[in-house]
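Me: I would like to go through this model and ask, for each label, what stands behind it.

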Amino acid sequence: EVQLVESGGGLVQAGGSLRLSCVASGFTFSSYHMSWYRQAPGKERELVASITRSDVSTNYADSVKGRFTISRDNAKNTVYLQMNSLKPEDTAVYYCNAFITFPYKRQYWGQGTQVTVSS
């Protein structure tokens, strides 16, 4: 059974930090690119950060560049999102995503973890 289990969300004051973790199981983690998405109330889900399966390349939304860092540990089947200098507009449910495009297309989603930033 494929599982992506996020943790580390919570309530933090503006300017604070949180570290999200996503532990994967049921598939070959090292073969998948990993991403973090978020969805705020009344808004569409948006890509926050992504990292290639070989940890060669990362990509960030403009709104989080310089504040968030995505990383992965293939030995632990885990992807992380370090979030610093948090702002109230970062408040959202954060989702872990795994995807592969070759030799087949497939993706998996976690259940999400709530991040709330108070002003």
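**Labels and the values behind them**

Reply: S50 is a starting point: this residue lies in strand β5, residues 46-51. The model is a predicted one.

Me: Why is S50 called buried?

Reply: Buried means under 20% relative accessible area. S50 has a relative accessible area of 15%, so S50 is buried.

Me: Which residues does S50 touch, not counting those up to four places away in sequence?

Reply: The contacts of S50 are M34, S35, S57, T58, N59 and I70. Each has heavy atoms within 4.5 Å, which is what contact means here.

Me: What makes β1 and β7 edge strands?

Reply: The open sheet has four strands in the order β1-β3-β8-β7, with antiparallel pairing. β1 (3-7) and β7 (68-73) each have a single partner strand, so one side of each has no neighbour in the sheet. From one strand to the next, the twist averages 15°.

Me: How do you know that β1 and β3 pair?

Reply: Two strands pair if DSSP finds at least two bridges between them. Five bridges join β1 to β3 (residues 18-25), so the two count as paired, and they run antiparallel. The bridge partner of S7 in β3 is S21.

Me: What joins β7 to β8?

Reply: Six bridges join these two strands, which run antiparallel. In β8, M83 stands opposite F68. β7 and β8 form a hairpin, with four residues between them.

Me: Which side chains of β7 are buried, and which are not?

Reply: F68, I70 and R72 point to one face and are buried. T69, S71 and D73 point to the other face and are not buried. In a regular strand, side chains alternate between the two faces of the sheet.

Me: What makes a group of residues a nonpolar core?

Reply: The members are buried residues of listed types, among them Leu, Met and Trp, joined through side-chain atoms within 4.5 Å. The largest such core here has 32 residues, of which L4, M34, W36, V79, L81, M83 and Y94 touch the most other members. Strands that each supply at least two residues of this core are β3, β4 (33-39), β5, β7, β8 (78-83), β9 (92-100) and β11 (113-118). β9 gives the most, with five residues. In soluble globular proteins, nonpolar side chains tend to be buried together.

Me: Why are C22 and C96 called a disulfide?

Reply: The cut-off is a pair of cysteine sulfur atoms within 2.5 Å. The sulfur atoms of C22 and C96 are 2.1 Å apart, so the pair meets this cut-off. By this rule the count comes to one disulfide.

Me: What does the disulfide tie together?

Reply: C22 lies in strand β3 and C96 in strand β9, so the disulfide ties together parts that are 74 residues apart in sequence.

Me: Why is the disulfide of C22 and C96 called left-handed?

Reply: The torsion about the S-S bond is about -80°, so the disulfide is left-handed.

Me: Are C22 and C96 buried or exposed?

Reply: C22 is buried, with a relative accessible area of 0%. C96 is also buried, with a relative accessible area of 0%.

Me: Why does V115 count as buried?

Reply: V115 is found in strand β11. Its relative accessibility is 0%, so V115 counts as buried, the cut-off being under 20%. Leaving aside neighbours within four places in sequence, V115 is in contact with G9, G10, L18, L20, M83, D90, T91, A92 and Y94. V115 and Y32 are 25 Å apart in space, C-alpha to C-alpha, and 83 residues apart in sequence.

Me: Why is N77 called partly exposed?

Reply: Partly exposed lies between the cut-offs of under 20% for buried and over 50% for exposed. N77 has 26% relative accessibility, so N77 counts as partly exposed. N77 is in the loop between β7 and β8.

Me: What is the phi of N77, and what is that of S85?

Reply: N77 has a positive phi of about 50° although it is not a glycine. S85, also not a glycine, has a positive phi near 50°. Most residues other than glycine have a negative phi. S85 is in the loop between β8 and β9, and at 42% relative accessibility S85 counts as partly exposed.

Me: Which peptide bond is cis, with omega near 10°?

Reply: The bond is the one from F102 to P103. P103 lies in the loop between β9 and β10 (106-109).

How values were computed. Residues are numbered from 1 along each chain as its sequence is written. This is a predicted model: local features need pLDDT of at least 70, side-chain atom pairs count only at pLDDT 80 or more; totals for chains, interfaces and linings use all residues. Side-chain values use heavy atoms; hydrogens and water are left out. Buried means under 20% relative accessible area, exposed over 50%, partly exposed in between (1.4 Å probe, protein chains only). Axes are lines fitted to C-alpha atoms, for helices over the stretch in contact, and angles run from 0 to 180 degrees between N-to-C directions.
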